[in-house]
Structures are given as C-alpha cells and as structure tokens.
Amino acid sequence: SGVDGLLISTICDFTLHRAQDLAQTIERRWDKPIVALNIGTLGKSRISTVSFSNREAASKAVTHLLQNAHERVGLIYTDDGSIDVQERVDAYRTALADHHVAFDSALLSKGSFTPESGYQAAIDLFKRPESASITALFCTNDEMAFGVLKALRVLRKRCPQDVAVMGF
C-alpha cells in the first residue's frame, strides 16, 4: 500500500500499559518497521523505541524562559489526568521554585491539546488583571502553543517581544 513503516505516538489518556499493548498488537500484524515514542522498553520486540523525560524537558524549557529575564511565566495546560501532562506541570512548578519565583495559580489557564483550546486559554488568561505582567507562556503541548500564537496576534501582543511562547 506504499507505507514503509509506522510511527506510534500516544497522547491524552493513553496509559503506558495501553500504549505497550497497542504497539505489541500492531507488531504481530505488521511486518514493516515500527518506531514507538515514549512508551518505555518492550523487551524482546522488533519495535524501536524513542523515549524522553517529560519532567526534564519541561524543566529545561521553563528554565530557559526564566534565565532569559522572564519572571512571570504563565502556563497553558490540559487537565486530562495523563502522567505526561502531570510531569510537565510539576516541572513547571519545580523550575519556578528552583529560580525563587513564586507559583501563582492566576497565571494558569486550561486547554485541551488543540490549537482552538490554546487560543481560548490564552484569551481567558489575558482577561485577568494578573496577566498584565506575563512575559512568557509555557504550553504543555505544541498544538495549544499554535493557538496561543494566534491569540497573541488578536490581542496585539508581539511574540517574542511582548510575550515569549514555548510549546512542548
């Protein structure tokens, strides 16, 4: 059918166990190369895996913003219960604490993994008086970051001059 391989990337409410089961089911039915992202090791499997640390990557992202003179870093996140998102939010909070920046829940706004929700989360966030001092936003996924960029244009805020945006 012209497909040379398969890349498995799970998001949202997929647990590690469910992702591993999915990958192994596909492996039994698919004889072409398979690469799975961030599902751990699969033991004796022909599936190649690529893993990363949500916590470490998010911490580096927020630290980068803080080290570049952004003391008021907002957070656009989703609250879907996934471990990936929880680790990214925890890393955001830890990076703030590591840089002696107080956590402020008024700088948080919820989305749901889509550009549209990122747009709305940013619009909602910038309606709050506390948002006037925000100079950067960390988004727990890139799709929401795309929506945030659109919202900033509508709000007549320049990126990165007025508000820097970091997507995961």
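**Close-up 1. Strands β6 and β7 meet side by side in this predicted model.** The two strands run parallel, and 4 bridges join them. One pairing to look for here is Cys139, whose bridge partner in β7 is Gly167. Helix α2 packs on the sheet as well, where it touches β4, β6 and β7. The direction of α2 makes about 175 degrees with that of β6.

**Close-up 2. Helix α4 rests on the sheet.** Spanning residues 115-126, α4 is in touch with β4, β5 and β6. Its direction and that of β5 make an angle of about 155 degrees.

**Close-up 3. Four strands make up an open sheet.** Follow the order β5-β4-β6-β7 across the view, and you will find the pairing parallel. Strands β5 (108-111) and β7 stand at the edges with a single partner strand each, so one side of each has no neighbour in the sheet. From one strand to the next, the twist averages 20 degrees.

**Close-up 4. Strands β4 and β5 pair, with a helix completing the unit.** These two strands run parallel and are joined by 4 bridges. Have a look at Leu75, which stands opposite Leu108 in β5. Together with α3, the strands β4 and β5 make a β-α-β unit, and the unit is right-handed.

**Close-up 5. Helix α2 and its buried residues.** Residues 54-67 form this helix of 14 residues. From first C-alpha to last, α2 reaches 20 Å, close to the 20 Å expected at 1.5 Å a residue. Which residues of α2 are buried? They are Asn54, Ala58, Ala61, Val62, Thr63, Leu65 and Leu66. Their cover includes strands β4 (73-78), β6 (136-139) and β7 (164-167), along with helix α3 (83-98). Just beyond the helix, keep an eye out for Ala69: α2 is followed by this residue, and its phi is positive, near 70 degrees.

**Close-up 6. Asp4 and the residues it meets from further along the sequence.** Asp4 is found in the segment before β1 (6-9). Is Asp4 buried or exposed? Its relative accessibility is 64%, so Asp4 counts as exposed, the cut-off being over 50%. Setting aside neighbours within four places in sequence, Asp4 is in contact with Lys32 and Pro33. Asp4 and Lys32 lie 28 residues apart in sequence, while their C-alpha atoms are 6.5 Å apart in space.

Notes
Residues numbered from 1 in each chain as written. Predicted model: local features only at pLDDT ≥ 70, side-chain atom pairs only at ≥ 80, totals over all residues. Heavy atoms only, no water. Expected span 1.5 Å × (residues − 1). Buried < 20%, exposed > 50% of the residue type's maximum accessible area, 1.4 Å probe, protein only. Contact = heavy atoms within 4.5 Å. Pairing = 2+ DSSP bridges. Axes fitted to C-alpha atoms, helices over the stretch in contact; angles between N-to-C directions. Right-handed = clockwise from strand over helix to strand, strands pointing away.
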